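Q: Please take one part of this model and go through it closely. Start with how well enclosed that part is, then work outwards to its surroundings and the rest of the chain.

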Amino acid sequence: MTSQDYRDAVEWLFAQAPNYQRDGASAYKPGLDNIRKLCDFFGNPQDKIKTIHIGGTNGKGSTSNMLASVLQECGYNIGLYNSPHLIDFTERIKVNGENCDKQFVYNFILKLKALPSEIQPSFFEFTTIMAFDYFSQQKIDYAIIEVGLGGRLDSTNIIQPLVSAITNVQLDHQDLLGDTIEEIASEKAGIIKENTAVISGDDKAVVQEIIISKAKEMNAQFIDATLLRSDLASDLKGKYQKKNIRVVLALVAELRKHSLTISDNNVKSGLLNVYKNTKFIGRWFEFSKDPLTICDTGHNQAGLEEVFNQLNDYPQHKHIVLGFVNDKKIDDVLLILPKNADYYFVKPSVNRARNPETYEALLKKSKLSYKIFPSVQEGYLSASQNCSIEEMIFIGGSNFVVGDFLEKNLQNDE
């Protein structure tokens with residue numbers, strides 16, 4: 001296999017299979033029938049691995065990577081399934097922080113081309129079975145599986161985990177999951193399995209009531225991570241990580257009941273070495289110090305509020321590069337933007353990207369200081385040219401904005 005063979009195979013995958021990351025709601029295929037067929041076809045690899053299931057609106061990626069780092073510090077071989085990827089497809093499937101082998105991906109895509117016609121997988125269904133099969137072949141000790149979207153009907157919900165966690169519930173993907181917190185919480189709670197403890201990181205009473213009710217129905221222990229208090233720190237620097245750390249600590253306590261040997265030092269070291277152990281980037285990621293340049297993938301309203309609240313703690317003048325996808329309610333976002341900043345609104349390179357020209361009327365009403373650019377890189381270059389060494393740059397608004405930025409600049413920087 002050449003590098004071109006790999007690229008061609010992945011391009012074929014993106015072109016052939018419905019892909020939510022690329023196409024949005026039209027690619028969403030809720031239900032477990034298709035993933036069951038896929039798993040049967042590949043010998044049900046999900047039944048050959050021990051799993052931990054992480055759901056929720058925000059914090060799934062951070063929580064799963066922090067937990068992976070902790071378990072790697074214990075000496076366990078850990079599989080990690082996250083989405084979406086920022087730069088390369090193989091980021092979605094990792095073992096001990098190393099991306100999935102490209103030869104495996106290429107060979108697996110060849111198998112996809114030979115699938116029976118009655119199995120028509122979505123992009124996410126295909127990557128999910130790929131992860132299960134890879135983890136089974138790699139003989140990992142434990143696999144941490146992040147929910148893709150929702151929970152109840154998500155492809156990952158075919159697993160029988162040791163423990164489940166729901167980091168929080170916020171308004172996001174309302175077109176698919178429901179218009180209210182209650183509806184979305186019910187979808188998230190769908191990952192709760194019989195006799196399997198569920199950890200909640202959400203302190204909203206309405207959310208807890210729904211999760212507790214589902215837990216009782218499934219005879220599953222409910223564990224409230226918000227009651228935990230800890231001064232442990234992480235190398236993931238977002239202030240919002242304190243909430244995720246509590247979920248990790250609750251997960252650790254539950255996993256110890258399953259005979260995992262996890263010392264307090266493993267926990268401390270794992271939290272402080274997430275990037276080293278898992279190569280996780282994109283969450284309050286400090287790209288450079290001169291000038292200070294930070295990117296963060298927070299993209300729904302609750303996530304963006306956390307991001308901008310933290311950004312307001314920095315005294316420097318800010319140059320903010322932002323871009324969004326089509327379902328973003330721009331008028332809501334504009335209400336929470338820092339006022340004393342220069343803005344560079346950009347169009348990320350994904351099919352469902354929102355062109356800033358389509359919401360320029362709102363920008364004019366907001367009286368922000370802004371410019372519009374057709375790409376993330378052009379917006380970033382303009383910001384870097386205008387930013388003095390004492391000022392700072394922030395890049396965000398979407399996973400795809402951060403992905404575009406890192407793809408163009410991180411590899412060049414290495």
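A: A residue counts as buried when its relative accessible area is under 20%. That cut-off is what the first step needs. The model is predicted, so every value below is computed from predicted coordinates.

The part to look at is strand 11, residues 318-323. Six of its six residues are buried, so strand 11 is largely enclosed by the rest of the structure. Take the side chains next. In a regular strand they alternate between the two faces of the sheet. Here Lys318, Ile320 and Leu322 point one way from strand 11. His319, Val321 and Gly323 point the other way. Both sets are buried.

What does strand 11 pair with? One partner is strand 12, residues 341-346. Six bridges join the two strands, and they run parallel. Two positions show the register. Isoleucine 320 stands opposite tyrosine 343. Leucine 322 has phenylalanine 345 as its bridge partner. The other partner is strand 14. That pairing is also in the parallel sense, over five bridges. Here valine 321 stands opposite isoleucine 395.

Now step back to the whole sheet. It is open and has six strands, in the order 9-10-14-11-12-13. Strand 11 therefore sits between strand 14 and strand 12 in an order whose pairing is mixed overall. The edges are strand 9 (285-289) and strand 13 (369-373), each of which pairs on one side only. Neighbouring strands are turned by 15° against each other on average, direction ignored. Helix 13, residues 301-311, packs on this sheet. Helix 13 touches strand 10 (292-296), strand 11 and strand 14 (392-396). Its direction makes about 175° with that of strand 14.

Two loops of this region deserve a look. The loop between strand 9 and strand 10 holds proline 291. The peptide bond from aspartate 290 to proline 291 is cis, with omega near -5°. The second loop runs between strand 12 and helix 15 (360-366), and alanine 353 lies in it. Alanine 353 is buried, at a relative accessible area of 7%. Which residues does alanine 353 touch, leaving aside neighbours within four places in sequence? The contacts are Phe324, Val325, Asn326, Lys347 and Pro348. Lysine 328 is 25 residues from alanine 353 along the chain, and the two C-alpha atoms are separated by 9.7 Å.

Other parts of the chain supply some further backbone points. Most residues other than glycine have a negative phi, and most peptide bonds are trans. A second cis bond links serine 83 to proline 84, with omega near -10°. Proline 84 lies in the loop between strand 2 (78-81) and strand 3 (93-95). Positive phi values turn up at two asparagines. Asparagine 44 has phi of about 50°. Asparagine 44 belongs to the loop between helix 3 and strand 1 (51-55). It counts as partly exposed, at 22% relative accessibility. Asparagine 195 has phi of about 55°. Its place is in the loop between helix 8 and strand 7 (198-200). Asparagine 195 counts as exposed, at 55% relative accessibility.

Helix 8 itself, residues 181-188, has a buried set: Ile181, Ile184, Ala185, Glu187 and Lys188. These cover an arc of only 160° around the axis, which puts them on the same side of helix 8.

Last, the helix pair that involves helix 3. Helix 3 (residues 33-41) and helix 6 (residues 123-137) have axes that come within 10 Å and cross at roughly 35°. The crossing is right-handed. From helix 3 the contact takes Asn34, Ile35, Leu38 and Cys39. From helix 6 it takes Glu125, Phe126, Thr128, Ile129 and Phe132. By class, the contact has six nonpolar, two polar and one charged residues.

To return to the starting point: strand 11 has six of its six residues buried, with strand 12 joined to it by six bridges and strand 14 by five.

Technical notes: Residues numbered from 1 in each chain as written. Predicted model: local features only at pLDDT ≥ 70, side-chain atom pairs only at ≥ 80, totals over all residues. Heavy atoms only, no water. Pairing = 2+ DSSP bridges. Helix = DSSP H or I, 4+ residues; strand = E, 2+ residues; numbered from the N terminus. Axes fitted to C-alpha atoms, helices over the stretch in contact; angles between N-to-C directions. Contact = heavy atoms within 4.5 Å. Buried < 20%, exposed > 50% of the residue type's maximum accessible area, 1.4 Å probe, protein only. Arc of directions from axis to C-beta. Left-handed = near helix turned anticlockwise from the far one by under 90°. Nonpolar A, V, L, I, M, F, W, Y, C, P; charged D, E, K, R; others polar.
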